[in-house]
Amino acid sequence: MKNYGIVLAAGKGKRMGSKISKQFLDLNGKPLFFYALEAFENSDVDSVIVVCSAEYKDYCENVLSIYKEEKTFSKVEKIVVGGTERYNSVYNALKEISDADYVLIHDGARPMITKDIINRSLTEVKKHKACVVAVPVKDTIKEANEEDYINKTLDRSSLWQMQTPQSFEYKLIAQAYESAMKSDLSAITDDAMVLEEYDPSFKIKLVMGDYKNLKVTTSEDLEIAKVFLKS
Ligand code: CTP
Ligand code: MG
(Lines give C-alpha, C1' and ligand atoms only; values in the text may rest on other atoms or scores of the structure.)
(Ligands and ions follow the chains in the order given, each with its own letter.)
Protein backbone atom coordinates (compact mmCIF):
# COMPACT_ATOMS: atom_id res chain seq x y z
CA MET A 1 0.00 0.00 0.00
CA LYS A 2 1.39 3.38 -0.98
CA ASN A 3 0.14 6.82 -0.06
CA TYR A 4 1.21 10.20 -1.31
CA GLY A 5 1.14 13.72 0.01
CA ILE A 6 0.66 16.34 -2.70
CA VAL A 7 1.98 19.71 -1.54
CA LEU A 8 0.61 22.51 -3.71
CA ALA A 9 2.98 25.41 -4.22
CA ALA A 10 2.17 26.60 -7.72
CA GLY A 11 0.01 29.60 -6.85
CA LYS A 12 0.92 33.20 -7.59
CA GLY A 13 -0.24 34.61 -4.26
CA LYS A 14 -2.03 37.57 -5.83
CA ARG A 15 -3.81 38.53 -2.60
CA MET A 16 -0.50 38.62 -0.72
CA GLY A 17 0.90 40.92 -3.36
CA SER A 18 4.54 40.12 -2.56
CA LYS A 19 7.29 39.93 -5.17
CA ILE A 20 8.10 36.32 -4.29
CA SER A 21 5.10 33.95 -4.25
CA LYS A 22 3.88 33.66 -0.65
CA GLN A 23 4.73 29.95 -0.25
CA PHE A 24 8.42 30.79 -0.74
CA LEU A 25 8.51 33.81 1.59
CA ASP A 26 10.64 33.56 4.70
CA LEU A 27 8.71 32.43 7.76
CA ASN A 28 10.84 32.48 10.90
CA GLY A 29 13.99 31.53 8.99
CA LYS A 30 12.60 29.01 6.49
CA PRO A 31 10.63 29.19 3.24
CA LEU A 32 6.95 28.95 4.17
CA PHE A 33 6.28 25.71 2.25
CA PHE A 34 9.05 23.89 4.17
CA TYR A 35 6.75 23.64 7.20
CA ALA A 36 4.26 21.49 5.29
CA LEU A 37 7.10 19.37 3.86
CA GLU A 38 8.44 18.82 7.39
CA ALA A 39 5.03 17.70 8.66
CA PHE A 40 4.70 15.21 5.78
CA GLU A 41 8.27 13.99 6.32
CA ASN A 42 7.48 13.21 9.96
CA SER A 43 4.12 11.62 9.16
CA ASP A 44 3.20 8.10 8.04
CA VAL A 45 2.86 9.22 4.40
CA ASP A 46 5.23 7.31 2.09
CA SER A 47 6.01 9.85 -0.63
CA VAL A 48 5.56 13.52 -1.39
CA ILE A 49 4.94 15.31 -4.68
CA VAL A 50 5.64 19.03 -4.75
CA VAL A 51 3.74 21.11 -7.29
CA CYS A 52 5.25 24.44 -8.30
CA SER A 53 5.05 26.82 -11.25
CA ALA A 54 7.48 26.62 -14.18
CA GLU A 55 9.03 29.85 -12.90
CA TYR A 56 10.02 28.25 -9.56
CA LYS A 57 10.90 24.77 -10.87
CA ASP A 58 14.67 25.33 -10.85
CA TYR A 59 14.58 26.89 -7.41
CA CYS A 60 12.52 23.99 -6.02
CA GLU A 61 14.69 21.37 -7.68
CA ASN A 62 17.88 22.93 -6.35
CA VAL A 63 16.74 23.48 -2.81
CA LEU A 64 14.88 20.19 -2.49
CA SER A 65 17.72 18.10 -3.90
CA ILE A 66 20.02 19.46 -1.19
CA TYR A 67 17.47 18.69 1.53
CA LYS A 68 16.75 15.27 0.05
CA GLU A 69 20.44 14.34 0.26
CA GLU A 70 20.55 15.59 3.82
CA LYS A 71 17.48 13.38 4.48
CA THR A 72 15.50 16.38 5.70
CA PHE A 73 12.95 15.85 2.96
CA SER A 74 13.72 12.25 2.02
CA LYS A 75 10.12 11.59 0.98
CA VAL A 76 10.02 14.16 -1.83
CA GLU A 77 9.78 11.96 -4.91
CA LYS A 78 8.88 14.37 -7.67
CA ILE A 79 8.47 18.03 -8.52
CA VAL A 80 5.59 18.63 -10.91
CA VAL A 81 4.75 21.84 -12.76
CA GLY A 82 1.29 23.12 -11.83
CA GLY A 83 -1.33 24.95 -13.86
CA THR A 84 -3.31 28.18 -13.97
CA GLU A 85 -5.82 27.28 -11.27
CA ARG A 86 -5.45 25.16 -8.14
CA TYR A 87 -7.45 22.35 -9.76
CA ASN A 88 -5.07 22.33 -12.75
CA SER A 89 -2.17 21.92 -10.34
CA VAL A 90 -3.89 19.05 -8.53
CA TYR A 91 -4.78 17.39 -11.83
CA ASN A 92 -1.18 17.63 -13.06
CA ALA A 93 0.04 15.97 -9.87
CA LEU A 94 -2.56 13.18 -10.04
CA LYS A 95 -1.49 12.43 -13.64
CA GLU A 96 2.11 11.94 -12.48
CA ILE A 97 1.13 9.24 -9.99
CA SER A 98 0.31 5.70 -11.02
CA ASP A 99 0.98 3.50 -8.03
CA ALA A 100 -0.93 5.29 -5.26
CA ASP A 101 -3.60 3.84 -3.02
CA TYR A 102 -4.33 7.11 -1.22
CA VAL A 103 -3.47 10.76 -1.84
CA LEU A 104 -3.49 13.60 0.70
CA ILE A 105 -3.79 16.94 -1.09
CA HIS A 106 -2.41 19.86 0.92
CA ASP A 107 -2.04 23.61 0.41
CA GLY A 108 1.64 24.45 0.70
CA ALA A 109 0.42 27.80 2.04
CA ARG A 110 -0.76 26.10 5.29
CA PRO A 111 2.43 25.94 7.35
CA MET A 112 0.74 25.04 10.65
CA ILE A 113 -0.22 21.55 9.51
CA THR A 114 0.99 18.84 11.90
CA LYS A 115 1.99 15.22 11.50
CA ASP A 116 -0.88 14.29 13.82
CA ILE A 117 -3.50 15.84 11.52
CA ILE A 118 -1.86 14.13 8.53
CA ASN A 119 -1.85 10.75 10.31
CA ARG A 120 -5.47 11.24 11.40
CA SER A 121 -6.38 11.93 7.76
CA LEU A 122 -4.58 8.79 6.66
CA THR A 123 -6.45 6.64 9.18
CA GLU A 124 -9.81 8.13 8.19
CA VAL A 125 -9.27 7.96 4.43
CA LYS A 126 -8.56 4.24 4.71
CA LYS A 127 -11.95 3.84 6.43
CA HIS A 128 -14.06 6.24 4.36
CA LYS A 129 -12.22 6.59 0.99
CA ALA A 130 -12.61 10.38 1.19
CA CYS A 131 -12.09 12.77 4.08
CA VAL A 132 -11.28 16.43 4.54
CA VAL A 133 -9.78 18.31 7.45
CA ALA A 134 -12.16 20.99 8.70
CA VAL A 135 -13.16 22.95 11.81
CA PRO A 136 -16.63 23.95 13.05
CA VAL A 137 -17.49 27.54 12.16
CA LYS A 138 -17.22 29.90 15.14
CA ASP A 139 -18.89 33.01 13.72
CA THR A 140 -22.51 33.45 12.76
CA ILE A 141 -22.76 33.06 8.99
CA LYS A 142 -25.50 34.73 6.97
CA GLU A 143 -26.57 34.41 3.39
CA ALA A 144 -26.92 37.76 1.57
CA ASN A 145 -28.62 38.85 -1.62
CA GLU A 146 -26.93 40.72 -4.48
CA GLU A 147 -27.56 44.12 -2.84
CA ASP A 148 -25.87 43.02 0.41
CA TYR A 149 -29.06 42.61 2.43
CA ILE A 150 -29.41 39.57 4.63
CA ASN A 151 -31.50 36.75 3.22
CA LYS A 152 -31.20 34.44 6.18
CA THR A 153 -29.02 33.13 8.98
CA LEU A 154 -27.52 29.73 8.34
CA ASP A 155 -27.62 27.06 11.05
CA ARG A 156 -24.12 27.33 12.47
CA SER A 157 -24.29 23.95 14.20
CA SER A 158 -23.99 22.24 10.81
CA LEU A 159 -21.38 24.54 9.24
CA TRP A 160 -17.71 23.63 8.90
CA GLN A 161 -14.80 25.52 7.44
CA MET A 162 -12.67 23.45 5.08
CA GLN A 163 -8.93 23.11 5.47
CA THR A 164 -6.39 20.71 4.00
CA PRO A 165 -5.23 17.99 3.66
CA GLN A 166 -8.15 16.65 1.68
CA SER A 167 -7.61 12.92 1.30
CA PHE A 168 -8.97 10.37 -1.11
CA GLU A 169 -8.62 6.90 -2.48
CA TYR A 170 -6.42 7.60 -5.49
CA LYS A 171 -8.58 5.84 -8.10
CA LEU A 172 -11.68 7.67 -6.92
CA ILE A 173 -10.25 11.20 -7.01
CA ALA A 174 -8.35 10.56 -10.25
CA GLN A 175 -11.63 9.51 -11.93
CA ALA A 176 -13.50 12.47 -10.43
CA TYR A 177 -10.84 14.92 -11.68
CA GLU A 178 -10.74 13.25 -15.09
CA SER A 179 -14.46 13.79 -15.42
CA ALA A 180 -14.35 17.33 -13.98
CA MET A 181 -11.66 18.42 -16.44
CA LYS A 182 -14.18 17.86 -19.25
CA SER A 183 -16.71 20.26 -17.73
CA ASP A 184 -16.92 23.80 -16.33
CA LEU A 185 -14.68 24.02 -13.29
CA SER A 186 -15.02 27.74 -12.57
CA ALA A 187 -16.97 27.17 -9.34
CA ILE A 188 -14.56 24.57 -7.93
CA THR A 189 -12.76 25.76 -4.80
CA ASP A 190 -11.57 22.54 -3.22
CA ASP A 191 -10.98 18.88 -3.98
CA ALA A 192 -13.99 17.63 -2.05
CA MET A 193 -16.17 19.64 -4.44
CA VAL A 194 -14.76 17.74 -7.40
CA LEU A 195 -15.94 14.51 -5.80
CA GLU A 196 -19.28 16.06 -4.72
CA GLU A 197 -19.93 16.95 -8.37
CA TYR A 198 -18.79 13.56 -9.65
CA ASP A 199 -20.85 11.53 -7.21
CA PRO A 200 -23.32 13.58 -5.12
CA SER A 201 -24.20 10.50 -3.07
CA PHE A 202 -20.61 9.87 -1.94
CA LYS A 203 -20.15 10.30 1.80
CA ILE A 204 -17.07 12.44 2.47
CA LYS A 205 -15.97 12.30 6.10
CA LEU A 206 -14.92 15.41 8.02
CA VAL A 207 -11.77 15.11 10.12
CA MET A 208 -11.25 17.56 12.98
CA GLY A 209 -8.54 20.02 12.02
CA ASP A 210 -7.10 22.86 14.05
CA TYR A 211 -8.00 26.56 14.08
CA LYS A 212 -4.25 27.18 13.84
CA ASN A 213 -4.07 25.37 10.49
CA LEU A 214 -4.66 28.64 8.66
CA LYS A 215 -3.99 29.30 5.00
CA VAL A 216 -1.57 32.16 4.58
CA THR A 217 -3.46 34.37 2.13
CA THR A 218 -2.70 37.99 3.04
CA SER A 219 0.06 39.69 5.03
CA GLU A 220 -1.91 39.53 8.32
CA ASP A 221 -1.96 35.74 8.03
CA LEU A 222 1.82 35.74 7.77
CA GLU A 223 2.04 37.74 11.00
CA ILE A 224 -0.37 35.32 12.73
CA ALA A 225 1.62 32.31 11.52
CA LYS A 226 4.80 33.88 12.96
CA VAL A 227 3.12 34.23 16.35
CA PHE A 228 1.77 30.67 16.26
CA LEU A 229 5.18 29.28 15.39
CA LYS A 230 6.82 31.10 18.30
CA SER A 231 4.35 29.74 20.87
N1 CTP B 1 -2.09 26.69 -5.86
C2 CTP B 1 -1.46 25.93 -6.85
N3 CTP B 1 -1.70 26.21 -8.17
C4 CTP B 1 -2.51 27.24 -8.52
C5 CTP B 1 -3.14 28.00 -7.53
C6 CTP B 1 -2.91 27.70 -6.20
O7 CTP B 1 -0.71 25.01 -6.52
N8 CTP B 1 -2.68 27.49 -9.81
C9 CTP B 1 -1.78 26.41 -4.45
C10 CTP B 1 -1.18 27.60 -3.74
O11 CTP B 1 0.23 27.65 -3.94
C12 CTP B 1 -1.60 27.37 -2.30
C13 CTP B 1 -2.90 26.60 -2.43
O14 CTP B 1 -2.97 26.13 -3.77
O15 CTP B 1 -0.66 26.59 -1.60
C16 CTP B 1 -4.10 27.43 -2.05
O17 CTP B 1 -4.30 28.48 -2.98
P18 CTP B 1 -4.36 30.03 -2.63
O19 CTP B 1 -4.28 30.26 -1.18
O20 CTP B 1 -5.48 30.62 -3.40
O21 CTP B 1 -2.95 30.55 -3.23
P22 CTP B 1 -2.69 31.46 -4.47
O23 CTP B 1 -3.57 31.05 -5.60
O24 CTP B 1 -1.23 31.45 -4.69
O25 CTP B 1 -3.12 32.90 -3.92
P26 CTP B 1 -4.09 33.96 -4.63
O27 CTP B 1 -5.40 33.24 -4.83
O28 CTP B 1 -4.17 35.09 -3.66
O29 CTP B 1 -3.43 34.34 -5.94
MG1 MG C 1 -5.75 31.18 -5.41
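Let me start with a definition: a residue counts as buried when its relative accessible area is under 20%. Keep that in mind for the first helix. And a caution before going on: this is a predicted model.

So, helix α1, residues 33–41. Of its 9 residues, 8 are buried, so the helix is largely enclosed by the rest of the structure. Which residues of α1 are buried? They are Phe33, Phe34, Tyr35, Ala36, Leu37, Ala39, Phe40 and Glu41.

The same cut-off applies to a loop residue. Leu214 sits in the loop between β11 and α7, the latter being residues 219–230. Its relative accessibility is 13%, under the 20% limit, so Leu214 counts as buried. Leu214 also has a partner that is distant in sequence: Pro111 is 103 residues away along the chain, yet their C-alpha atoms are 7.7 Å apart in space.

Next, the open spaces. The largest pocket has a volume of about 1,000 Å³. Its lining counts 38 residues, and those nearest the centre are Gly11, Lys12, Arg15, Lys22 and Arg86. By type, the lining is made up of 16 polar, 12 charged and 10 nonpolar residues. Which elements supply at least two residues each to this lining? These are β1, residues 3–9, α3, residues 86–96, and β10. Strand β10 gives the largest share, with 4 residues.

Now the enclosed space. There is 1 cavity of 30 Å³ or more, and the space in the largest cavity comes to about 30 Å³. Around the largest cavity are Arg86, Tyr87, Tyr177, Ile188, Thr189, Asp190 and Asp191. That lining divides into 3 charged, 3 nonpolar and 1 polar. Arg86 turns up twice here: it is among the residues nearest the centre of the largest pocket, and it also lines the largest cavity.

Last, the surface. Trp160, Met162, Leu206 and Met208 make a nonpolar patch of about 320 Å². The elements giving two or more residues to this patch are β10, residues 160–169, and β11, residues 205–208. Strand β10 therefore comes up again, having already been named in the lining of the largest pocket. Trp160 lies in that strand. Is Trp160 buried, partly exposed or exposed? With a relative accessible area of 31%, Trp160 is partly exposed. A residue needs over 30% to be part of a patch, so Trp160 passes that limit at 31%.

That is the tour: an enclosed helix, a pocket, a cavity and a nonpolar patch.

Conventions
Residues are numbered from 1 along each chain as its sequence is written. Chains are lettered from A and ligands numbered from 1 in the order in which they are written. This is a predicted model: local features need pLDDT of at least 70, side-chain atom pairs count only at pLDDT 80 or more; totals for chains, interfaces and linings use all residues. Side-chain values use heavy atoms; hydrogens and water are left out. Patches are made of residues with over 30% relative accessible area and no salt bridge: like charges are joined within 9 Å, nonpolar side chains (Val, Leu, Ile, Met, Phe, Trp, Tyr) within 5 Å. Accessible areas come from the Shrake-Rupley method with a 1.4 Å probe; for residues, only the protein chains shown count as cover. A salt bridge is a side-chain nitrogen of Lys or Arg within 4 Å of a carboxyl oxygen of Asp or Glu. Buried means under 20% relative accessible area, exposed over 50%, partly exposed in between (1.4 Å probe, protein chains only). On a 1 Å grid over the protein atoms alone, a cavity is a set of points where a 1.4 Å probe fits but cannot get out, and a pocket is an open set with protein on both sides within 12 Å along at least five of seven lines; lining residues have an atom within 4 Å of a point. Grid points are joined across faces, edges and corners, and a volume is the space filled by probe spheres set on the points. Ala, Val, Leu, Ile, Met, Phe, Trp, Tyr, Cys and Pro count as nonpolar, Asp, Glu, Lys and Arg as charged, and the others, Gly among them, as polar.
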